[in-house]
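Visitor: I am new to this structure and would like a close look at one single part of it. Could you choose a residue, tell me how it sits, and then set it within the whole chain?

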Amino acid sequence: MNKELFGVFGGIEVFSRFRSNDEFDAILEGERITAGIRDSGLGAPGWSATHETETGICLVWGEAYVPGEETNAARWVLEQYPNAGTDALASLNGSYLVVLDIDSAEHAFVATDMVRSRSCFYTDESGVRVFGTDSGEVGRTLPAPSLDPDAVLDFLHLGVTLGEKTWVEHLSRLPIDSRLTANSVDRLDRFVYRPREFDYVDELADRLERALERRSVLPGEGALLLSAGYDSRIILSQVPSIERGYTVGYPDGQEVDGARRLADQYGVEHTAFPPDERYLRADESKVRYSQGIKESLHIHHAGYTDEITADTIYHGLLCDTFFRGHFTEQASIDVFGKRINFDRLETDPNPVDVLLSRFGYVPETSRELAERVPFEHDAEAYLENAIEGAVDAVADRADQPQNELTACGIANQPSIPFHNHLSDNFFTAFLATDAELVEWHLQTPPEHRTTETFLRACEQIDGDILRHRPPDRPHDSSLLNETEGFIRRKTPFLSSFEPPWPNRETLFDRYCTDQQLLPDLECAHALPARHKLRLNDVQGWLRSWSDSDRSLLSWFGARNSPLV
């Protein structure tokens, strides 16, 4: 990868057992931790920073902002931590990891941001605790790596590996809102639901404005990954450095037409990337961002990176999760096989059913996969236990079932590779991880975390924000939108609303992707495109760092497996 944090709980001589000093732009050595960072943006305002004094070291990796005029987040943490302790981490804002080793602290540690938007992987298998942001590089330190069947099953069935597992045993990642020390993994208490009464719309509007102003300090020309939906347009409205928008879609499609209208409204250039073989091509450079836990499919723009002209990229990822209730469950009825939601929440949601519907689960395909993998399991029973465990792991952070669902969804968010790729190639602003906005999410009851609340807040900031509505949401009422969509699908001569993303099956057939990605797994070619991409992700990620150890790939060639 272009950017990386790698470290050990030990001195420089331990660090040098695993990595060369010249692989990094800076290496900091404390009393208990040695860490290296490679980042072309090191030292830019709002971005990665290092600082060291006679009393210790601090390294902040990623996007980070601190109170006041200080632009070096690492210096600010190093100065604040002796008196504030972990409260200093609550004031560190953004999408980051922080490494701290100072004399006055009981432990040296690596800490996530509140929502673990950047993963920290670690292992103890080499005899010393090793950590880093590139799971493959940390995996290279394993003396005898072996595949974790449960982690791979999670992924093949759901599109995400749940909890702290990766596809390799003894290679783990830090939990949400936590820190890693030499001998422990400690929970932090920044991400805890504490609902209260306040003006949810006014407060969200104020916090959105401050969050966007904070991110306006990121350097150079800005660009936005622009959809025709709701989430990215408020960024386009408020960040003057954005000069162009990019959309993946057919030039004559509804999504591109809607995005183009928004770009024209706010006076920025617009480029549409036509879906071709680049959209699906999951080569090693793309698969590495899956990190052995999630689908590379979510990196819709990866094949077009060389054509994106910008220093800083903005995006609306997870705005639907934090502000619009993506993981909350609405009460609904079934009408002719179509689910129609009511404007109220389900009183007793079933966490397994809800999360299966939110993750990439397809029952028929999972049953077929269960027959093809080289060990016996009942897919439905397995997934029920796996999801129940994932919900239990975050239940103590929530005050009610709806927030348990959302906490689990955030802790296991499938689409993070989208951000991994962008932040490895550009300065990247992740609006939804702003600490003030996450606090709003945690304090706002789930019945008020709705699209209506979000849009009313956006209209307070920009009264013209809804001049062009999303093509599939022409009405204020979600029920009316659902009803019109249903009528369009069922009525001859009426065109249906187009999905925002290209059809994977069509692209697979058009560009013979089976032969390119899975030439040795012909029996898998009958599976849906998404599941074939998952198989390619697992194989590609393992091959990207474990070519010398073919045993990791033997799982796919196990005796009696129809996937041979």
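Guide: Phe375 is partly exposed, because its relative accessible area is 25%, and partly exposed covers the range between buried, under 20%, and exposed, over 50%. This should be read with the reminder that the model is a predicted one. As for its place, Phe375 lies in a loop, with helix H13 (363–372) on one side and helix H14 (379–394) on the other. Those two helices belong to a chain that has 22 helices and 19 strands. Seen from Phe375, Gly11 is 364 residues away along the chain, and 43 Å separates the C-alpha atoms of the two residues.

That distance can be set beside the box that the C-alpha atoms of the chain fill, which is roughly 75 × 60 × 45 Å along the principal axes. The radius of gyration of the chain is 23 Å, which agrees with the value near 24 Å that a compact globule of 564 residues would have. While Phe375 is partly exposed, 59% of the 564 residues in the chain count as buried. Among the contacts with a separation of 6 or more, 68% come from residues that are 24 or more positions apart.

Turning to the outside, the chain has an accessible surface of about 22,300 Å², and carbon and sulfur atoms account for 45% of that surface. Its charged side chains number 54 positive and 95 negative, and the centres of these two sets are 3 Å apart.

How values were computed. Residues are numbered from 1 along each chain as its sequence is written. This is a predicted model: local features need pLDDT of at least 70, side-chain atom pairs count only at pLDDT 80 or more; totals for chains, interfaces and linings use all residues. Side-chain values use heavy atoms; hydrogens and water are left out. Helices (H or I, at least four residues) and strands (E, at least two) are DSSP runs, numbered from the N terminus. The radius of gyration is taken over C-alpha atoms; the globule rule is 2.2 Å times the number of residues to the power 0.38. Buried means under 20% relative accessible area, exposed over 50%, partly exposed in between (1.4 Å probe, protein chains only). Contact means heavy atoms within 4.5 Å. Accessible areas come from the Shrake-Rupley method with a 1.4 Å probe; for residues, only the protein chains shown count as cover. Lys and Arg count as positive and Asp and Glu as negative; His and the chain ends are not counted. The place of a charge is taken as NZ of Lys, CZ of Arg, CG of Asp or CD of Glu.
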